[in-house]
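Biologist: Got a minute to walk me through this one? I'd like the contacts and the helix packing.

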Amino acid sequence: MTSRGTPSRFLQSVLQNGVGRYVCQLKRLSIIFSKNAQSSLGIREFIEEGVVDYAKNNPSTVVYVSPQSCRIPKIVAEYLNGNVREEIVTSKTSTQISEVITKLTNQSGLDIIRLRKPFHTDNPSIQGQWHPFTNRPPSIGPIRPQKQDA
């Protein structure tokens, strides 16, 4: 926790994701709903229409569909780092449920918190951050737009 009262951390990559190939962090997606309840109508429509397409587009994610005698339908997402997220989808439409599942798929499983800086290094340099004009000689002068011939 910081003095502002909200947790923060430096920007970090999950399992060095992006250094090599991309690895989806969502491991398991459980869809829990009732066969008869009115609040599960949208999730039943999604199961009929879109769950097969989602499973084909995301082969690294295991999808469980479990009808239970529950009043509140929910989607439980389990990530590679062990975190579990639950989203309650009571009285949502099929497209809204698809958006929720896409959001859960694109997340890393880490808590969403404030970032301290847009960049961080474990070996800080006193020279500052590099940019394309770092070693540009000052004798060249400032950069101006090129004149266009009319």
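Modeller: Contact here means heavy atoms within 4.5 Å. On that basis, and leaving aside neighbours within four places in sequence, Ser39 is in contact with Arg71, Pro73, Val89, Thr90 and Ser91. One caution: this is a predicted model, where local features need pLDDT of at least 70, side-chain atom pairs count only at pLDDT 80 or more, and totals for chains, interfaces and linings use all residues. Residues are numbered from 1 along each chain as its sequence is written, and side-chain values use heavy atoms, with hydrogens and water left out.

Biologist: Where is Ser39 found? And is Ser39 buried or exposed?

Modeller: Ser39 sits in the loop between E2 and H1. Helices (H or I, at least four residues) and strands (E, at least two) are DSSP runs, numbered from the N terminus. Ser39 counts as buried, at 15% relative accessibility. Buried means under 20% relative accessible area, exposed over 50%, and partly exposed in between (1.4 Å probe, protein chains only).

Biologist: What about Ser91, one of its contacts?

Modeller: Ser91 lies in the loop between E5 and H3. Its relative accessible area is 59%, so Ser91 is exposed. Its phi is near 55°, a positive value in a residue other than glycine. Most residues other than glycine have a negative phi.

Biologist: Step back. How many helices and strands does the protein have?

Modeller: The protein has 3 helices and 6 strands. Along the sequence the pattern is β-β-α-α-β-β-β-α-β.

Biologist: What share of the residues is buried?

Modeller: Of the 150 residues in the protein, 28% are buried. The accessible surface comes to about 11,300 Å², and 52% of that belongs to carbon and sulfur atoms. Those areas come from the Shrake-Rupley method with a 1.4 Å probe; for residues, only the protein chains shown count as cover.

Biologist: And the contacts with a separation of 6 or more: what share comes from residues 24 or more positions apart?

Modeller: Those residues account for 70% of such contacts.

Biologist: Helix packing now. How do H1 and H3 cross?

Modeller: Their axes come within 8 Å and cross at roughly 75°. Axes are lines fitted to C-alpha atoms, for helices over the stretch in contact, and angles run from 0 to 180 degrees between N-to-C directions. H1 and H3 are therefore roughly perpendicular. The classes: under 35 degrees is roughly parallel, over 145 roughly antiparallel, 65 to 115 roughly perpendicular, and the rest oblique.

Biologist: Which residues meet there?

Modeller: From H1, Gly42, Ile43, Glu45, Phe46 and Glu49. From H3, Ser94, Ile97, Ser98 and Ile101.

Biologist: Which residues of H1 are buried, and what covers them?

Modeller: The buried residues of H1 are Gly42, Ile43, Arg44, Phe46 and Ile47. Their cover includes E2, helix H2 (51-57), strand E3 (62-67), E4 and H3.

Biologist: A buried Arg44? What is Arg44 in contact with?

Modeller: Outside its neighbours within four places in sequence, Arg44 is in contact with Phe33, Ser34, Lys35, Asn36 and Ala37. A polar atom of the Arg44 side chain lies 3.0 Å from the backbone oxygen of Ser34. Arg44 and Thr93 are 49 residues apart in sequence, with 9.6 Å between their C-alpha atoms.

Biologist: How many salt bridges are there?

Modeller: The structure holds 3. The criterion is a side-chain nitrogen of Lys or Arg within 4 Å of a carboxyl oxygen of Asp or Glu. Glu78 pairs with Arg28, the closest N and O atoms being 2.6 Å apart. This pair links distant parts of the chain, Glu78 in strand E4 (residues 74-79) and Arg28 in strand E2 (residues 26-33), 50 residues apart.

Biologist: And the others?

Modeller: Glu86 forms a salt bridge with Lys74, at 3.7 Å between the closest N and O atoms. Glu86 lies in strand E5 (residues 84-88) and Lys74 in strand E4, so the pair ties together parts 12 residues apart in sequence. Glu87 forms a salt bridge with Lys103, with the closest N and O atoms 3.1 Å apart. Here Glu87 is in strand E5 and Lys103 in helix H3 (residues 94-106), 16 residues apart.

Biologist: Last one. What is Val62 in contact with?

Modeller: Lys27, Arg28 and Leu29, leaving aside neighbours within four places in sequence. Val62 is found in strand E3. The C-alpha atoms of Val62 and Lys27 are separated by 6.4 Å, and the two residues are 35 apart along the chain.

Methods. Polar contact = N/O pair within 3.5 Å; in protein donor to acceptor, adjacent residues only side chain to side chain.
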